[in-house]
Amino acid sequence: DQAANLNDDFFTLLAGELEIGDGFGELCRGPVKRPDRALQKVVRRCYRDARCLTDLVRCCIVLESIADVRKALDAIFDSSTVHHGLKDKDDEYTKLLDGSDKKLFKICKVKDRFTDQNPIGYRDICFNLEVGWVIESETAGSLSFVSVQDFGKKHVRTHICEVQLMLRSMYELKINGCHENFVEQRNMLSQ
């Protein structure tokens, strides 16, 4: 339920932060992962620990060039923090590096498959971004996103979402049959 409630609002937030549209990129929203595939992944890859499942909410940002991929990377980095427990939060230099009072995402994981030597040839950059929010109204289901510094506070919910940055040429291959081949290969290897 949490993923379904977050899905549309996360895509709107992400598109705004990365300035998707107006000639830059296309946001392709993925559906919330089906329960049968989520269970399969928890068993096959997460050692039966559902807390490790990080791609229930997912999307792909389709870009025209490597320069556009770089621009999207910069936008993600500008909206994100990557720290884990800085020692002295009162130190001015630490505050400058942290910036979590302004950042909306925490980068949890990055997979760079552009430089990967995988013989399958699939190429993208995949981020797991943690996002936090509070529910404004239980009945209306409205939510407000909060900055990373508020993630540990009472009533703040967090979720890790998957964002893929992909060139249009690879995306066209993916949607025109190659993804089905990947799924078949993944299932044969039980991944």
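Select Asp74 to begin: at 31% relative accessibility, this residue counts as partly exposed. The model on display is a predicted one. Now add Arg70, which is exposed, with a relative accessible area of 52%. The two residues form a salt bridge whose closest N and O atoms are 3.1 Å apart. Both belong to helix H3 and are separated by 4 residues, about one turn of the helix.

Follow helix H3 (66-78) to the loop that leads to strand E3 (80-81), and select Ser79 there. Ser79 is buried, at 5% relative accessibility. Its side chain makes a polar contact of 2.8 Å with the side chain of Glu17. Apart from neighbours within four places in sequence, the contacts of Ser79 are Glu17, Lys103, Leu104 and Phe105.

Next, display the salt bridges, of which the structure holds 7. One of them pairs Arg29 with Asp8, with 3.4 Å between the closest N and O atoms. Arg29 lies in strand E1 (residues 26-29) and Asp8 in helix H1 (residues 2-17), so this pair ties together parts that are 21 residues apart in sequence. Move on to Lys153 and Asp150, whose side chains meet in a salt bridge of 2.8 Å, N to O. Lys153 is partly exposed at 48% relative accessibility, whereas Asp150 is buried at 16%. Then select Glu26, Glu64, Arg168 and Glu172, which are joined into one network by salt bridges that share partners.

Finish in strand E7 (residues 157-167) at Gln164, a buried residue with 10% relative accessibility. A polar contact of 3.4 Å links its side chain to that of Glu162. Phe127 is 37 residues away in sequence, yet the C-alpha atoms of Gln164 and Phe127 are 6.3 Å apart.

Definitions and conventions. Residues numbered from 1 in each chain as written. Predicted model: local features only at pLDDT ≥ 70, side-chain atom pairs only at ≥ 80, totals over all residues. Heavy atoms only, no water. Helix = DSSP H or I, 4+ residues; strand = E, 2+ residues; numbered from the N terminus. Buried < 20%, exposed > 50% of the residue type's maximum accessible area, 1.4 Å probe, protein only. Polar contact = N/O pair within 3.5 Å; in protein donor to acceptor, adjacent residues only side chain to side chain. Contact = heavy atoms within 4.5 Å. Salt bridge = Lys/Arg side-chain N within 4 Å of Asp/Glu carboxyl O.
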